[in-house]
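Visitor: Could you take me through this model and explain the reasoning behind each term as we go?

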Amino acid sequence: MALSDAEVGRYARQLLLPGMGEAAQVILREARVRVTGGGIALAPAMYYLAAAGVGTLWIDDPDEVKPGAGAGFALGPADLGRPRGAALAEFARRANGLVVADPFRPGSRPTALLICGASLDVSRAIADEARLLQLPHVVADVDGQGGAATSVPLGAPCYSCATRPGLGAAPTAEGGATVGALAALELILLLTGASLEPRARRIEVFRGTPLMRATTRQPGCACAGPAAAGLAP
Amino acid sequence: MNPLVPVARLDVRAHACPVTWVKARIALSRIGEGEVLEVLLRDGEPRENVPRSAEEDGHRVMRLEPAPEEGEGTWRAWLVRGASMEDRAWP
Amino acid sequence: MAGLLSGKSALVIGAGGLGGPVALTLAAAGVGRLVVLDEDEVETSNLNRQPLFGEADLGRRKAGAAAERIALLHPSVRVEGRDLRFGPESAEDLVRGCDVVVDASDNFATRFLANDVTVAARRPLVHGAVLRYTAQFLTVMPGKTGCLRCLFEAPPAEGTVPTCAQAGVLGALAGFAGALMGAEALRILSGERGAYAGRLVAFDARSGRSRLVPLRIRAGCPVCSGVAAASQVPG
């Protein structure tokens, strides 16, 4: 069997889903996802990727654990002062010992990105980097209690084409948990091919109601050029 | 191809629900439509759950009977793989 | 808002795929007291979706492990883990002791009991459920908006509930749903009208689409018309 007994036992409940069988689970195991951006959605997003069996997680978060925003889903007072990347990697391994989780090192070659930008500018910059590297990515932006998850498969309209200004409310922990889990969900569906059209989409959550919109290319955007056509996945 | 002869065999007697059905489902996804998977099960919950789950997932239960020659409390089920399981194709 | 919430309490029924993110969301926002109820042990197949537990918790009682984990991450929250079944003998006291009830359970008997007891006690109820790729949400404001029995007259008959084959769950969808339920409970505790009050919201993860079903109090609903008899729970 391609999946070990330990894997079957751990992933049993999701292996029962249509579109999420053995082949999909192996795809997740072979994925190497860089989780980055410094935003409040990062810890919940990383947890749900680890729990689902994404085989390699690289946590790109150079700050130290500070009190307040960003703590509380995975990290607590005992972690204050520790480097966030190492602390979160340890949490991922605690959640799923089958996953390889480490702080991101330059030169590592991920196969996808989950971008939780601390601000829209940070999200945009990293999303552009991902596009130029021809890597599929999902971006999690938190705005108050909600926010948005934007899915960018290879060759799709880019993140910049998809965004518009939000309310600009200060991100909250509940927004981080909401949009972080949603972004992880979107990336899992993207990697396994289990999502339905439109695969390139942005799901906004405002006052509890998710609202999906297919992304469309803005005329003149660089993402329409030959570099964005991408290699076959 | 003789549809009455199992092309694969799976022994899940060492496992409990839901792993019993999950392993059977994986094994079914690896054989062709109309082909038969033989599953050895323990009596009790697995013997009730696996055939019922198989039918709900679109497969057919061709045989379900005690198999004492394989061990005490062992049952044998022959599951005929149904049409598309809506899983991503195995590359 | 944090100051207001520190004087509030919430009952979370279930500490698993939905209850875990609900509790973490409520604790992070500063709700003063959480009562988390679960009668099960941590099992391997839970670990694809239950953020309160890791491998080291396998075999532990969920109620205790959940309370311990929440207290570790949020020391200023008073959290009680209750290792018992939400049944007719325990329900009323549990519900009356809290300002909001969040039903993060996984079976119809519990959901209907929570519905009946919470409406009778005039507490707001946030209900949520995940099945395969669908998440759904409903908030019941007693006397004002429809309840579960306005929607379904009775729980599904024995044998029609999902078996192993239908009980697939994707962790991240449960996480998304639990966080939304927590955010809804926070809105209720802050005195806002809930996003799911008077309407069932259903989200399909594969297409990303949502559906809204308005729900008014049904004339003749035995629960909403003030007849407060608790439902019979089998077993």
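Guide: A helix here is a DSSP run of H or I with at least four residues, a strand is a run of E with at least two, and both are numbered from the N terminus. The model is predicted, so local features need pLDDT of at least 70 and side-chain atom pairs pLDDT 80 or more, while totals for chains, interfaces and linings use all residues. Residues are numbered from 1 along each chain as its sequence is written, and chains are lettered from A, ligands numbered from 1, in the order in which they are written.

Visitor: Where does Pro18(B) lie, and what makes the peptide bond from Cys17(B) to Pro18(B) cis?

Guide: Pro18(B) is in the loop between strand 1 (8-11) and helix 1 of chain B. The bond that joins Cys17(B) to Pro18(B) has omega near 0 degrees, hence cis. Chain A offers another case, from Glu197(A) to Pro198(A), again with omega near 0 degrees. Pro198(A) sits in the loop between helix 7 and strand 7 (201-206) of chain A.

Visitor: How are helix 1 of chain A and helix 1 of chain B placed relative to each other?

Guide: The axes of helix 1 (residues 5-15) of chain A and helix 1 (residues 19-29) of chain B come within 9 Å and cross at roughly 75 degrees. An angle counts as roughly parallel under 35 degrees, roughly antiparallel over 145, roughly perpendicular from 65 to 115 and oblique otherwise. The two helices are therefore roughly perpendicular.

Visitor: Which residues in helix 1 of chain A meet those in helix 1 of chain B?

Guide: Val8(A), Gly9(A), Ala12(A) and Leu15(A) meet Val19(B), Val22(B) and Lys23(B), where contact requires C-beta atoms, placed from the backbone, within 7 Å. These residues divide into five nonpolar, one polar and one charged; Ala, Val, Leu, Ile, Met, Phe, Trp, Tyr, Cys and Pro count as nonpolar, Asp, Glu, Lys and Arg as charged, and the others, Gly among them, as polar.

Visitor: Why is Arg132(C) counted as buried or exposed?

Guide: A residue is buried if 20 or more other C-beta atoms, placed from the backbone, lie within 10 Å of its own, exposed if 12 or fewer, and partly exposed in between. Arg132(C) has 20 such neighbours, so it counts as buried. Arg122(C) has 12 and is therefore exposed. Phi is positive at Arg132(C), about 50 degrees, and at Arg122(C), near 55 degrees, although neither is a glycine. Arg132(C) belongs to the loop between strand 5 and strand 6 (134-140) of chain C, and Arg122(C) to the loop between helix 5 (108-120) and strand 5 (125-131).

Visitor: How do you know whether helix 7 of chain A is mostly covered?

Guide: Of its 20 residues, 20 are buried. Helix 7 (residues 173-192) of chain A also reaches 28 Å from its first C-alpha to its last, close to the 28 Å expected, that is, 1.5 Å times one less than its number of residues. Just after helix 7 of chain A, Gly193(A) takes a positive phi of about 75 degrees.

Visitor: What makes chain A as compact as a globular protein of its length?

Guide: Chain A has seven helices and eight strands. Its radius of gyration is 17 Å, close to the 17 Å that the globule rule gives for 233 residues, so chain A is as compact as a globular protein of that length. The radius is taken over C-alpha atoms, and the rule is 2.2 Å times the number of residues to the power 0.38. Buried residues make up 58% of the 233.

Technical notes: Axes fitted to C-alpha atoms, helices over the stretch in contact; angles between N-to-C directions. Contact = placed C-beta atoms within 7 Å.
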